[in-house]
Amino acid sequence: MANISSYGACPSIKNILLLDSEGKRVAVKYYSDDWPTNAAKLAFEKSVFTKTQKTNARTEAEIAMFENNIVTYKFIQDLHFFVTGGDDENELILATVLQGFSDAVALLLRNNVDKREALENLDLILLCLDEIADGGMILETDASVIEGKVAANSTDAGAPLSEQTLTQALATAREHLTRSLLK
């Protein structure tokens, strides 16, 4: 996969990671062939987590050079947000992507940002990743726009159960059960 930014066309990212407080995956998306195998991806995640876990990135994003990559990261509750770009990428753009991702997740989870809530709404977080970047090219960094697009894709309760996400299907089933019990 050619690195788009090496041609000067536009900034790009190599991955977006959402890890828990133990360094385990919650949601990840890779846009680069720098880590060709799943084992290489897991090793990168473990090493970047180990390097950053003792820092205090709770109030604002931190930036670090790691294995010829620029990694921006931020911690909220027990979740660790990471955005990785090449060593020639602009740190401010990477930090803007990170801020957009973390703020969009906070909006989608109604400011209850923790691992349990993230896992219960994993479908929304994965849609969020899809709205932020495509093939490493940055599409959107405004959290409210990302949240709006994800919410528009996920609130089609009138759709047949086969086309709904698991969370939507459970909500629909709960709603029908509540209605039948109240009759």
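**Note on a predicted model: a five-stranded sheet and its helices**

1. Tyr73 is buried, because its relative accessible area is 4%, under the 20% cut-off. The model is predicted. Tyr73 is a good place to start reading it. The residue belongs to strand β4, on one side together with Asn69, Val71 and Phe75. Its bridge partner in β5 is Phe82.

2. Now the rest of β4. This strand is mostly covered, with 8 of its 8 residues buried. Both faces are covered. Asn69, Val71, Tyr73 and Phe75 lie on one side. Ile70, Thr72, Lys74 and Ile76 lie on the other, and they are buried too. Note that Lys74 is on that list of buried residues.

3. Where does β4 sit in the sheet order? The sheet is open, has 5 strands and reads β2-β1-β5-β4-β3. β4 therefore has β5 on one side and β3 on the other. The pairing is antiparallel. The edges belong to β2 (25–30) and β3 (62–66). Each of these has a single partner strand, so one side of each is left without a neighbour in the sheet. On average, neighbouring strands are turned by 20 degrees against each other, direction ignored.

4. The strand pairings can be taken one by one. β4 and β5 are antiparallel and share 8 bridges. β3 and β4 also run antiparallel, joined by 5 bridges. Within that pair, Ile63 has Thr72 of β4 as its bridge partner. β1 (residues 15–20) pairs with β5 (residues 79–86) over 6 bridges, again in the antiparallel sense. There, Asn15 stands opposite Thr84 in β5.

5. Two helices pack on this sheet. Helix α1 (residues 38–52) touches β1, β2, β3, β4 (69–76) and β5. The direction of α1 makes about 115 degrees with that of β2. Helix α2 (residues 91–108) touches β1, β3, β4 and β5. The direction of α2 makes about 30 degrees with that of β4.

6. Both hairpins involving β4 deserve a look at the turn. The hairpin of β3 and β4 has 2 residues between the strands. Glu67 takes a positive phi there, near 50 degrees. The hairpin of β4 and β5 also has 2 residues between its strands. In that turn, Gln77 has a positive phi of about 50 degrees.

7. Is Asn68 buried or exposed? This residue is found in the loop between β3 and β4. Its relative accessibility is 58%, so Asn68 counts as exposed. Leaving aside residues up to four places away in sequence, Asn68 touches Gly86 and Asp87. Asn68 and Gly86 are 18 residues apart along the chain, and their C-alpha atoms are separated by 6.9 Å.

8. Aromatic rings come next. The structure holds 6 aromatic pairs. One of them is Phe44 with Phe66. The ring centres are 5.8 Å apart and the planes stand at 55 degrees, so this pair is tilted. The pair links distant parts of the chain: Phe44 is in helix α1 and Phe66 is in strand β3, 22 residues apart. Phe44 counts as buried, at 2% relative accessibility. Phe66 counts as buried as well, at 12%.

9. A further pair brings us back to the starting residue. The rings of Tyr73 and Phe75 have their centres 5.7 Å apart. Their planes make 35 degrees, so this pair is tilted. Phe75 is buried, with a relative accessibility of 2%. Which residues do ring pairs link into a cluster? They are Tyr30, Trp35, Phe44 and Phe66.

10. Last, the chain as a whole. The protein chain has 6 helices and 7 strands. Along the sequence, the pattern is β-β-α-β-β-β-α-α-α-β-β-α-α. Of the 183 residues, 43% are buried. Consider the contacts between residues at least 6 apart in sequence: 49% of them join residues at least 24 apart. The accessible surface comes to about 9900 Å², and 53% of it belongs to carbon and sulfur atoms.

Technical notes. Residues numbered from 1 in each chain as written. Predicted model: local features only at pLDDT ≥ 70, side-chain atom pairs only at ≥ 80, totals over all residues. Heavy atoms only, no water. Pairing = 2+ DSSP bridges. Helix = DSSP H or I, 4+ residues; strand = E, 2+ residues; numbered from the N terminus. Axes fitted to C-alpha atoms, helices over the stretch in contact; angles between N-to-C directions. Contact = heavy atoms within 4.5 Å. Buried < 20%, exposed > 50% of the residue type's maximum accessible area, 1.4 Å probe, protein only. Areas by Shrake-Rupley, 256 points an atom, 1.4 Å probe, with all protein chains shown as cover. Phe/Tyr/Trp six-rings, centres within 6.5 Å; stacked < 30°, edge-to-face > 60°.
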